[in-house]
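Dear colleague,

I am handing over the structure below, and I would be glad if you kept it open while you read the notes that come after it.

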Amino acid sequence: MKKSTLSTLIVLSTLSSLSYASCDFKNTQEVKTISASFAAWKAVTNAMAECGHVSSTLDSEFKTKIGSALAANPSLYEVAGVANGTFVPLLNGGLIRPLDSLVKKYGQNLNPNQLIKVDGKIMAIAMMVNTQNFMYRKDIFEKLNLKVPTTWDEVLVDAEKIKKANLVEYPLGGAYESGWNLGLEFINIYLSYNANLFDGNQPSINNAAGIKTLEMMKKLSAYMDPEYLIADPTFVQKQLQHGKIAMANLWASRATAFDNKEESQVVGKVYMSATPKSIADGHPASTMWWDGITIAKNITDEQADNAFRVAMQGLNQDMVKKNMDDAIWLVKGYKPSRLSDGAIQNAINRTPSYPLNSKIGLMHSALGKDVSDYLTGQKTAEETLKEVEYNYITAAKESGLL
Amino acid sequence: MKNKTFFAFVSPSVIIMILFIAIPLVTVFLQSFYVTQTVYQTVKVETCTPSFPTSICTTTEKSVPVLDENNHPVTETVYVGLDTYKSVLETDKVSKLIDSGRFFDVFTNIDFYKALSFTLLFTLITLPLVLGVGLAIALAVNNVSKRMKGPVIFVSLLPFIITPIIGALSIKWLFVSNGLLTRVLEKITGHEISVFANSWSIELLMVFYRVWHVAPFAFVLFYAGLQSVNKDTLESAIIDGASRFERIRYVVIPHLMPLIYFVTLIHLMDTYRVFEEIIGFASQAHVISLQWLTYDFLEPDDTGNRAISSASASSMLTMVGIIILLAPVLKRTLRDQKKG
């Protein structure tokens, strides 16, 4: 997941063999891991490090190097942490190995829904899910007697009421930063109209659902901070933490930030629910994401065996118990809290998984670049969608998909 | 100097220039005529992804790369001639817009021309400002008392020391809606201020930031030039009754002319590649530049796709732009040198 293009945080934590506290065996072989850098990965890699001889690279821009690093022979890392998007190039490039036999050997404690299967073969082990879900200030909703909205149209009605009551600076927040974030917002709302992004490999967004999506985004943006086109998730999180907005559709992984007494002024006031739908019979306008581990192909079977065993130690109950609030864990021993309500509601309501294919990357980029032209009024809805399709087709031709 | 000694001195930098400038340039030039594509096949794949309480499994038709016996994706490289340039320049769309009488929409509707018009405007607006502000600081510093000179020079140089991208980010944080300066300005004016919500205000801030950042460079050069102004000429000008302005206009500026050309040259080259402001201000929704366009082609998306060929074509076009912009200045400098 692309969190920020600028901040690249690399934490190298080579733990010495001081403690084997919660590791079942003494690891003697070197195991190197690479993954994104956020709380959940820190928890997992720290738990792995307890086995000894583990060095972890946590890098928020890891996607730019992971492909080449795993294509090297022998691979530079044994364990690669991935998410929906970053999993695709590794899978397509044949850089990761099937894990069926290893799961049989060491995976007794895994939940069945942790296994990412492609064509019947287990290719990755998920550790957590993440999704954008609805977060709202319960105190404000109660004061104004508002019901939690289930569609975006209801959000607009509520936003108008909150605006009139003048309790917060802006009723609504949204991660509408042009680029990756804005592209995802479009995809979320568009898919909830039960519409398809593609027809085969051809784009098919220039339709009624596409226009409705753009119009909805524009209507919603009217209730946001006028600088919404530079609002990344961190910006929205801070707005909600500082009591400047009353509701937002934001990443579940950020939920704990609102109960963090050190930085939040709204402790205990933010509640979660499923993401509103675009139409009443749609699914929540969001996508499900997972993060998980894969094992490199270009290493010996023995190394893979050992690396997988160490990785399983990072995904055990002990780790979850110590880091309960850091993620919505799929690992056994996880107990959902008030803050994970929304994400679980999203899942139960069949929110689709963010697609696992290469064309979605091209579409996502094209949307991220062009949707803002409609929001700023430089193009009409139809012109914007045409431009997205044009940019998608150009990029798809260049990459060989078309 | 003997030829041999000269070459011995120069050869390391020549070698490095060939390795890191000439060769990459040639490869980028060649790459812009070729497209390397992955060979895809369409297969039915069942994928299971996690959810609560169970996984969601879906079967879809998917395009996946063909792998060779060594497990590497098969790629083909095809010669496409000027096709990539055409798609970057969107020539079809341009002729369509012109045919339908919407010539000016070319500069708002098509990325390349949008970037080009901003880049050119930005370059040409900041140039006189940088020269003027640089000269003003130099003249001012030249006239302060000797004791003050050191500290004043130090302070005026500070903006130049800051890394451009860090400077741009700091400016953004100061002027963003909940930023320090915005808060102060809102208190004073009583209005809500959203600098990053309109393209004109973003552009204004960019110009301000660039001038603030680059003027010290012009200042240092002009200040050095001022030290060698012929004192006799100045004194005779005073005796002849020339005003302060006339002395600057007829004595100081002609003396500084070669330096002014030099600063112009460097500034045009640097500013045409405007990039830090776009990234730092996250302004791509409102304002984009040519260099940002290249970066955007090159930046891999989540699933690892990047448009190397388009990026090469776009950077070649940027280079052509710089050469066209520099040609008159270079010509003038060469002519002056021949005379001198």
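The notes below go through confidence, domains and the contact between chains.

This is a predicted model, in which local features need pLDDT of at least 70 and side-chain atom pairs count only at pLDDT 80 or more, while totals for chains, interfaces and linings use all residues. Residues are numbered from 1 along each chain as its sequence is written, and chains are lettered from A and ligands numbered from 1 in the order in which they are written.

Chain A has a mean pLDDT of 90, with 95% of its residues reaching 70 or more; pLDDT is the predictor's confidence in each residue, from 0 to 100. Over residues 1-20 of chain A, however, the pLDDT is below 50.

The domain assignment, which is automatic or from a database, divides chain A into domain 1 (11-130 + 290-337) and domain 2 (131-287). Their C-alpha centres lie 32 Å apart, and 6 residues of domain 1 of chain A are in contact (C-beta atoms, placed from the backbone, within 7 Å) with 5 residues of domain 2 of chain A.

Between the chains, 45 residues of chain B are in contact with 58 residues of chain A. The strand β2(B), a DSSP run of E with at least two residues, numbered from the N terminus, gives the most to the side of chain B that touches chain A, with 6 residues. Strand β5 (residues 115-118) of chain A runs antiparallel to β2(B), and 2 bridges join them; in β2(B), B:Thr47 is the bridge partner of A:Val118.

With best wishes

Conventions:
Contact = placed C-beta atoms within 7 Å. Helix = DSSP H or I, 4+ residues; strand = E, 2+ residues; numbered from the N terminus. Pairing = 2+ DSSP bridges.
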